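Here are my notes on the model you asked me to look over, arranged as numbered points. Please read them with the coordinates open beside you.

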Amino acid sequence: MLRDALLRLSTKPGIGRGLERLPVSRKVIRRFVAGETPAQALDVLARLEAGGLLTAVTYLGENVTTPKGAAAAADVYCHVVEEARRRRLRTTPSLKLTHLGLDLGEDIALENVERVLERAGDTWVWIDMEGSAYTDRTLALYRRLRRRWRNVSCVLQAYLHRTESDLRGLVPGGMRLRLCKGAYREPAERAFPRKSDVDRNYARLAGMLLSKEAQAAGAYAAFATHDDRLIRVIADRAREFGLAADRYEFQMLHGIRPELHRMLMDLGVRVRVLVPFGEDWYGYFVRRLAERPANLRFFLTHLAWR
């Protein structure tokens with residue numbers, strides 16, 4: 001399958017170094033990745049917020065191998081938070097625990113995440129979900145953080161079989177949670193292999209997040225999807241449950257289907273755009289190509305016309 005082939009390629013950063021040397025590929029990559037520096041990301045965030053959108057920002061990277069590298073990643077997030085506040089931006093950081101040292105030990109990751117949370121103040125900080133090998137550790141650290149920090153939120157992946165159970169365990173805590181489909185290569189015993197099954201599970205989990213029980217517990221739902229059908233299902237379900245417009249939001253990736261932003265905003269729906277930046281862009285970029293055939297067509301078309 002094309003998706004599996006692309007996901008395998010996403011683990012081979014040497015290909016990315018080759019692509020980066022081609023001016024045309026750099027131009028296409030910038031559609032999805034704001035740039036390599038915090039300043040480039042902040043400029044994109046400012047432009048999006050000036051257009052009325054909510055934003056989130058992520059510094060690309062995973063699986064750091066030294067405590068110094070993990071601390072450096074946390075330093076970048078702290079800098080972005082401070083600069084965003086100085087520029088009066090309302091962006092929320094979205095980070096990966098392996099980028100902040102989870103492979104080196106839970107205490108190292110905890111220390112770095114807490115530095116970001118402290119610097120963020122009242123701003124929400126999203127803990128991203130990675131491959132299924134990290135799901136238990138990510139949820140354990142999230143629960144540990146929740147005991148002290150009220151501005152920490154978590155992400156669940158609809159393509160994993162286990163997610164319904166995880167969601168049932170989290171809902172009573174009244175959490176802020178992002179539901180995404182999932183972008184890592186997983187075996188069939190852990191994840192639904194067919195897109196139709198993932199979509200059905202996503203719709204079911206969305207219903208749980210929007211339910212009266214979840215709302216009574218104080219849940220806030222963020223739906224990360226560019227799928228028209230799922231967006232309609234979620235918006236209809238929110239109306240059925242009588243949710244106010246400020247009790248949920250849609251989240252979309254920078255550069256993917258921007259025409260949806262204004263359409264949803266005109267309907268009174270909150271829309272947040274996640275803006276990635278950093279030198280470690282290759283794995284993220286190829287996973288975006290794997291998610292939607294339109295992204296791959298866009299990339300190949302521009303390469304063909306270079």
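The points below concern a predicted model, and they go from the barrel to helix packing and then to two loop residues.

1. The barrel. Eight strands form a closed barrel in the order E1-E2-E3-E4-E5-E6-E7-E8, and the pairing is parallel. From one strand to the next, the twist averages 25°.

2. A helix on the sheet. Helix H4, which spans residues 38-50, packs on the sheet and touches both E1 and strand E8 (271-277). The direction of H4 makes about 165° with that of E8; since angles over 145 degrees count as roughly antiparallel, H4 may be described as roughly antiparallel to E8.

3. One strand pair in detail. Strand E5 (residues 176-180) and strand E6 (residues 220-224) run parallel and are joined by four bridges. For a concrete place to inspect this pairing, take Leu179, whose bridge partner in E6 is Phe223.

4. The packing of H6 and H7. How are these two helices set against each other, roughly parallel or oblique? Helix H6 (residues 106-120) and helix H7 (residues 135-146) have axes 11 Å apart and pack at an angle of about 50°, a value that lies neither under 35 degrees nor in the range 65 to 115, so the pair counts as oblique. The crossing of H6 and H7 is right-handed.

5. The residues in that contact. On the H6 side the contact comprises Glu106, Asp107, Ala109, Leu110, Val113, Glu114 and Leu117, and these meet Leu141, Arg144 and Leu145 of H7. By class, the residues of the contact of H6 with H7 are six nonpolar and four charged, with no polar residue.

6. Asn63. Most residues other than glycine have a negative phi. Asn63, however, is not a glycine and has a positive phi of about 55°; Asn63 belongs to the loop that lies between strand E1 (54-59) and helix H5 (67-86). Is Asn63 buried, exposed or partly exposed? Its relative accessibility is 33%, which falls between the limits of 20% and 50%, and Asn63 therefore counts as partly exposed.

7. Arg257. A positive phi, here about 50°, is also found at Arg257, again a residue that is not a glycine. Arg257 sits in the loop between strand E7 (248-253) and helix H12 (259-266). With a relative accessible area of 16%, Arg257 is under the 20% limit and is therefore classed as buried. When checking the backbone of the model, please look at both Asn63 and Arg257.

Methods
Residues numbered from 1 in each chain as written. Predicted model: local features only at pLDDT ≥ 70, side-chain atom pairs only at ≥ 80, totals over all residues. Heavy atoms only, no water. Buried < 20%, exposed > 50% of the residue type's maximum accessible area, 1.4 Å probe, protein only. Pairing = 2+ DSSP bridges. Axes fitted to C-alpha atoms, helices over the stretch in contact; angles between N-to-C directions. Contact = heavy atoms within 4.5 Å. Left-handed = near helix turned anticlockwise from the far one by under 90°. Nonpolar A, V, L, I, M, F, W, Y, C, P; charged D, E, K, R; others polar.
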